[in-house]
Amino acid sequence: MDKRDAIGSWLSGPRAAAEDAGIDFGYRGQRLGLPEEGPGSIARPGRRLGALAVDWAMSVLIASRLITQSYSNPSTSNWSLLVFFVMGVLTVGTLGFTPGKRLFGLRVVALDTGRVNPARALLRTVLLCLALPALIWDRDGRGLHDRLAKTVEVRI
């Protein structure tokens, strides 16, 4: 007897198995009152990773050219993290986006007020630099760092 349905649901994950059982989760951001697509909708993972890569590349470039004057210097990675942290706190806390997020059409907004204050930007960036909270997502696609800071990354 062929049990491909059972194996397929195991490979697809618990969400796919629950949806096959008739449970409706809705779209990402529905619980937060955000639209399904277009401006104001939750940013997709590809755009978020692209923006993160641009921001990290800028941080490495600044650290290796302006601070350590060498990419091979062992302290360049520490300086890069510091530059990434400062850039994240300052730009998200004031403008709502980093250069990479702006390039990919993303913005960080607070769930209750719509604008991210510097304290939330600080908490969000500290958790983002720890990396583990950013790797744990809820069903809306928000990382743990966004949940704890009560923010969400949306499309512009």
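What is the volume of the largest pocket? In this predicted model, the largest pocket has a volume of about 320 Å³. Its lining counts 16 residues, and those closest to the centre are Leu49, Leu52, Leu128, Ala134 and His145. Four helices each supply at least two lining residues: H3 (45–67), H4, H6 and H7. The largest contribution comes from H3, with four residues. By character, the lining of the pocket divides into 11 nonpolar residues, one polar residue and four charged residues.

The overall architecture is as follows. The chain holds eight helices and two strands. Their order from the N terminus is α-α-α-α-α-β-α-α-α-β. Of the 156 residues in the chain, 37% are buried. Among contacts with a separation of 6 or more, 61% join residues 24 or more positions apart.

Helix H3 comes next, as the main contributor to the pocket lining. H3 has 23 residues. Its first and last C-alpha atoms lie 31 Å apart, close to the 33 Å expected at 1.5 Å a residue. Buried positions in H3 are Arg48, Gly50, Ala51, Asp55, Ser59, Val60, Ala63 and Ser64. The cover over these buried residues includes H4, H5, E1, H8 and E2. Just after H3, Gln69 adopts a positive phi of about 55 degrees.

Helix H6 also lends residues to the pocket lining. It spans residues 118–130. At 1.5 Å a residue, its 13 residues should span 18 Å, and the end C-alpha atoms are indeed 18 Å apart. Arg120, Ala121, Arg124, Thr125, Leu127 and Leu128 are the buried residues of H6. Viewed down the axis of H6, these residues fall within an arc of 165 degrees, so they line one face of the helix. Pro118, Ala119 and Leu130, on the other side of H6, are exposed. Leu128 thus belongs to the buried set of H6 and is one of the residues closest to the pocket centre. Several elements cover the buried residues of H6. They include the helices H4 (76–94), H5 (99–103), H7 (132–135) and H8 (144–149). The strands E1 (106–110) and E2 (151–155) also take part in this cover.

Two loop residues downstream deserve a note on backbone geometry. Most residues other than glycine have a negative phi. Ala131 follows H6 and sits in the loop between H6 and H7. Its phi is positive, near 70 degrees, although the residue is not a glycine. With a relative accessibility of 38%, Ala131 is partly exposed. Lys150 is placed in the loop between H8 and E2. Lys150 is likewise not a glycine, and its phi is positive, at about 55 degrees.

Contacts around E1 and H5 were examined residue by residue. Val108 lies in strand E1. It is buried, with a relative accessible area of 1%. Beyond residues up to four places away in sequence, Val108 touches Val92, Gly96, Lys101, Val116, Arg124, Thr151, Val152 and Glu153. Of these partners, Arg124 is among the buried residues of H6. The C-alpha atoms of Val108 and Ala43 are 9.6 Å apart, although 65 residues separate the two along the chain.

Lys101 belongs to helix H5. Its relative accessibility is 6%; the cut-off for burial is under 20%, so Lys101 counts as buried. Outside its neighbours within four places in sequence, Lys101 contacts Ala51, Asp55, Leu106, Val108, Arg124 and Glu153. Ala51 and Asp55 are buried residues of H3. Val108 and Lys101 have Arg124 and Glu153 among their contacts.

Gly100 is also found in helix H5. At 0% relative accessibility, Gly100 is buried. Apart from its neighbours within four places in sequence, Gly100 is in contact with Ala51, Val54 and Asp55. The C-alpha atoms of Gly100 and Leu52 are separated by 6.5 Å, with the two positions 48 residues apart along the chain. Leu52 is one of the residues closest to the centre of the largest pocket.

Note on methods
Residues are numbered from 1 along each chain as its sequence is written. This is a predicted model: local features need pLDDT of at least 70, side-chain atom pairs count only at pLDDT 80 or more; totals for chains, interfaces and linings use all residues. Side-chain values use heavy atoms; hydrogens and water are left out. The expected span of a helix is 1.5 Å times one less than its number of residues. Buried means under 20% relative accessible area, exposed over 50%, partly exposed in between (1.4 Å probe, protein chains only). The arc is that of the directions from the helix axis to the C-beta atoms. Contact means heavy atoms within 4.5 Å. On a 1 Å grid over the protein atoms alone, a cavity is a set of points where a 1.4 Å probe fits but cannot get out, and a pocket is an open set with protein on both sides within 12 Å along at least five of seven lines; lining residues have an atom within 4 Å of a point. Grid points are joined across faces, edges and corners, and a volume is the space filled by probe spheres set on the points. Ala, Val, Leu, Ile, Met, Phe, Trp, Tyr, Cys and Pro count as nonpolar, Asp, Glu, Lys and Arg as charged, and the others, Gly among them, as polar.
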